Amino acid sequence: MRVWTANSLYELDLDRGRIRRVLGQQPPTTRQGADGEWRPFEGISQVRVGDRMLIVWSRQGERARSTLTSAVVEISDG
């Protein structure tokens with residue numbers, strides 16, 4: 001699944017519980033890792049146009065970290 005937000009393009013592999021940011025207007029955050037790098041996640045909010053995605057990353061140590069994206073503008077199966 002491809003998800004375009006107001007600022008970035010993401011690819012989601014829901015079957016394997018992983019996501020990667022393909023490109024963005026700003027540099028990726030340290031939680032997201034480098035563009036193009038698949039990262040495992042523990043949970044993700046329902047992905048809907050107009051909503052922001054909440055990504056809960058796989059635990060690192062004792063605490064799970066999260067990222068809140070900009071609003072989703074388009075979703076495709078590609």
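## Pocket, cavity and barrel

The lining of the largest pocket divides into three nonpolar, nine polar and one charged residue. Here Asp, Glu, Lys and Arg count as charged, Ala, Val, Leu, Ile, Met, Phe, Trp, Tyr, Cys and Pro as nonpolar, and the others, Gly among them, as polar. Keep in mind that this is a predicted model, where local features need pLDDT of at least 70, side-chain atom pairs need pLDDT 80 or more, and totals for chains, interfaces and linings use all residues. Residues are numbered from 1 along each chain as its sequence is written, and side-chain values use heavy atoms, without hydrogens or water.

So who sits around that pocket? Its lining has 13 residues, and Asn 7, Ser 8, Tyr 10, Arg 21 and Gln 32 are the ones nearest the centre. Strand 6 (strands are DSSP E runs of at least two residues, numbered from the N terminus) gives the most to this lining, with four residues. Strand 2 (8-13) and strand 6 each supply at least two of the lining residues.

There's also one cavity of 30 Å³ or more in the model. On a 1 Å grid, a 1.4 Å probe fits in a cavity but cannot get out, a pocket is open with protein on both sides within 12 Å along at least five of seven lines, and lining residues have an atom within 4 Å of a point. Here are the two spaces, with volume as the space filled by probe spheres:

| Space | Volume | Lining by class |
|---|---|---|
| Largest pocket | about 170 Å³ | three nonpolar, nine polar, one charged |
| Largest cavity | about 30 Å³ | three nonpolar, one polar, four charged |

Around the largest cavity you'll find Tyr 10, Ile 19, Arg 20, Arg 21, Gln 32, Glu 37, Arg 39 and Trp 57. Tyr 10, Arg 21 and Gln 32 turn up in the linings of both the cavity and the pocket. For the cavity, strand 3 (residues 18-24) is the top contributor, giving three residues.

Now for the fold itself. Six strands make a closed barrel in the order 1-2-3-4-5-6, with antiparallel pairing (at least two DSSP bridges between two strands). Which strand does strand 1 (residues 2-5) pair with over four bridges? That's strand 6 (residues 66-76), in the antiparallel sense, and Val 3 has Ile 75 as its bridge partner there. Strand 5 (residues 52-57) is also joined to strand 6 by four bridges, again running antiparallel. In that pairing, Leu 54 is matched with Leu 68 of strand 6. Strand 6 thus turns up twice: in bridges to strand 5, and as the biggest giver to the lining of the largest pocket.
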